[in-house]
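Me: I am new to this structure and should be grateful for a close look at a single part of it. Please take the salt bridges, and then place them beside the helices and the empty spaces.

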Amino acid sequence: MKIKGLRWYIITLIALATVINYIDRSAINIMWPYIYKDFGIADADNKSALALLTTFFMIAYALGQTFTGKLMDAVGTRIGMTLSIIGWSISIALHAFARSLLSFNLFRFMLGFSEAGNWPGATKSNAEWFPARERAIAQGIFGAGASLGSVISAPIIALLYVTFGWKMTFVLIAGLGLIWIIPWLFINKATPEKHSWLTEKERDHILDSDPGSEKQTKEAAVLGWKELLKFRNTWGIIMGRFFIDPVWWLFVTWLPTFLKEQFLFDIKQIGAFTWLPYLFAAAGSLLGGYHSSRQIKKGVPAVKARKNAIATGCFLMLLALVAIVYFLDTLKDRPSLAMVLIGITLFGFQFLIGNLQTLPSDYFNGKNVGTIAGMGGTAAVAGTLLTTWAVPVITQTSYVSFFVLAAVLVPITWLCVKYITSKKIHS
């Protein structure tokens, strides 16, 4: 049996895994403003408790990014992604049995460690299944999964919460990941070089000569973390992720709380409004991948095309964040406009992040892509931890500093990617 366009089936499954990933991780942020009192937490300690939960998740996420990056390089994406999604499905189900903030923190740690595998796994899978000129599109589809997960998670979680309560909500969403494993193992039988369903035409297209292809990586050396840190490009990727990812997480973690405090929303209203910015983000993810891939087809070098897209995304983010800071007081009576401006911010983020996440496969051979992606993910978490604990302090009286912080991080990211990374490709 031969299937045309098999690589698109693979990336669709990766995107679906990412949707599930974001439904699972977003559930606590959406429900927390309405369930924290069940654990004896006072109103004044609400944000600090959520910051602590996020910290446990993110520390595990940082460790998991580096560990699972190595895991994907060692056992391959087929088994690596399977282990990861089994782990996070079990972890989210265990949230239903939390009896205290301590047990919640334990389950968040387990969830963060296992969910981390989705990112290096997706990056490595894209390097295996797509030539360089198509990787940004593939990464964009994968990134759109993150945004789509955030689009649908709010109304889904709100509906499940109102219908079944918070405990059963965690159990029900856990089943999604376990169901996903079935088509993943059935369709992703082998790498492109050996997959029996792949047409020869598509196989030749996938294995086209580029730094991440099977043809060039058979004899390439597998480098350790210490060796990879000797390259400027490694540091450019790490520092870019360190500064830009916290902006995304500021909204993923705190948007429901912002809406509750700024506009006095209940959980049904949060479900009705929160999806909009992430719809913008989904569009940004797809268009960011299309933008750089179109440039590459016109003859622009892959790395330059990625950097052009990153610069465009940074510009859009900064423009929207400055507008929010300037008009925040007047937005208190216009939640829809606030959601649009936040949406433009997340559009810009997703426009650039897929290209930034694709740089490891542009600069390094396939045997090191998962490791570099994992290192970048770990750096992203480190930056996010710092902003997570800053939020309860800087938002005591106003959210102006919240958006100022996000705005400051954007140009720093552009400087890191522009001036630290080089044109050199490491074979």
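The reply below begins with the salt bridges and then turns to a helix, the cavities and the largest pocket.

Reply: The model is a predicted one. Within it, nine salt bridges are found, and three of them are described here in turn.

One of these pairs is Glu202 with Arg7, whose closest N and O atoms are 2.9 Å apart. Glu202 belongs to helix α8 (residues 200-206) and Arg7 to helix α1 (residues 6-35), so the pair links distant parts of the chain, 195 residues apart. Glu202 has a relative accessibility of 5% and therefore counts as buried, since the limit is under 20%. Arg7, at 10% relative accessibility, also counts as buried.

A second pair is Lys47 with Glu261, and here too the closest N and O atoms lie 2.9 Å apart. This pair links distant parts of the chain: Lys47 sits in helix α2 (residues 46-75) and Glu261 in helix α11 (residues 232-263), 214 residues apart. The two partners fall into separate classes of exposure. Lys47 counts as buried at 12% relative accessibility, whereas Glu261 is partly exposed, with a relative accessible area of 38%.

A third salt bridge brings together the side chains of Lys124 and Asp73, at 3.1 Å from N to O. Because Lys124 lies in helix α5 (residues 118-129) and Asp73 in helix α2, this contact ties together parts that are 51 residues apart in sequence. Lys124 is counted as buried at 8% relative accessibility, and Asp73 is partly exposed at 21%. In addition, salt bridges with shared partners join Arg7, Glu134 and Glu202 into one network.

The next element is helix α6, which covers residues 132-164. Its 33 residues, at 1.5 Å a residue, should span 48 Å, and the C-alpha atoms at its ends are 46 Å apart, which agrees. The helix has a bend of about 35° at Ser153, and a proline, Pro155, follows within four residues. After α6 comes Gly165, which has a positive phi, near 90°.

Helix α6 also takes part in the lining of an internal space. A search of the whole structure finds four cavities of 30 Å³ or more, and the largest cavity holds about 150 Å³ of space. This largest cavity is lined by 17 residues, and those nearest its centre are Tyr22, Trp119, Asp245, Ile353 and Gln357. At least two lining residues come from each of α2, α6, α11, α15 (335-363) and α16 (366-394). By class, the lining of the largest cavity consists of ten nonpolar, five polar and two charged residues.

The largest pocket remains to be described. Its volume is about 320 Å³. The elements that give two or more residues to its lining are α14 (302-327) and α17 (400-419), and α14 gives the most, with seven residues. Among the residues lining this pocket are Pro301, Ala302, Val303, Lys304 and Lys307, together with Trp414, Val417, Lys418 and Lys423. The residues of this lining divide into seven nonpolar, one polar and four charged.

Methods: Residues numbered from 1 in each chain as written. Predicted model: local features only at pLDDT ≥ 70, side-chain atom pairs only at ≥ 80, totals over all residues. Heavy atoms only, no water. 1 Å grid on protein atoms, 1.4 Å probe; cavity = no way out; pocket = protein on both sides within 12 Å on 5 of 7 lines; lining within 4 Å. Points joined across faces, edges and corners; volume = space filled by probe spheres on them. Nonpolar A, V, L, I, M, F, W, Y, C, P; charged D, E, K, R; others polar. Expected span 1.5 Å × (residues − 1). Bend = angle between axes of the 7 residues up to and from the residue. Salt bridge = Lys/Arg side-chain N within 4 Å of Asp/Glu carboxyl O. Buried < 20%, exposed > 50% of the residue type's maximum accessible area, 1.4 Å probe, protein only.
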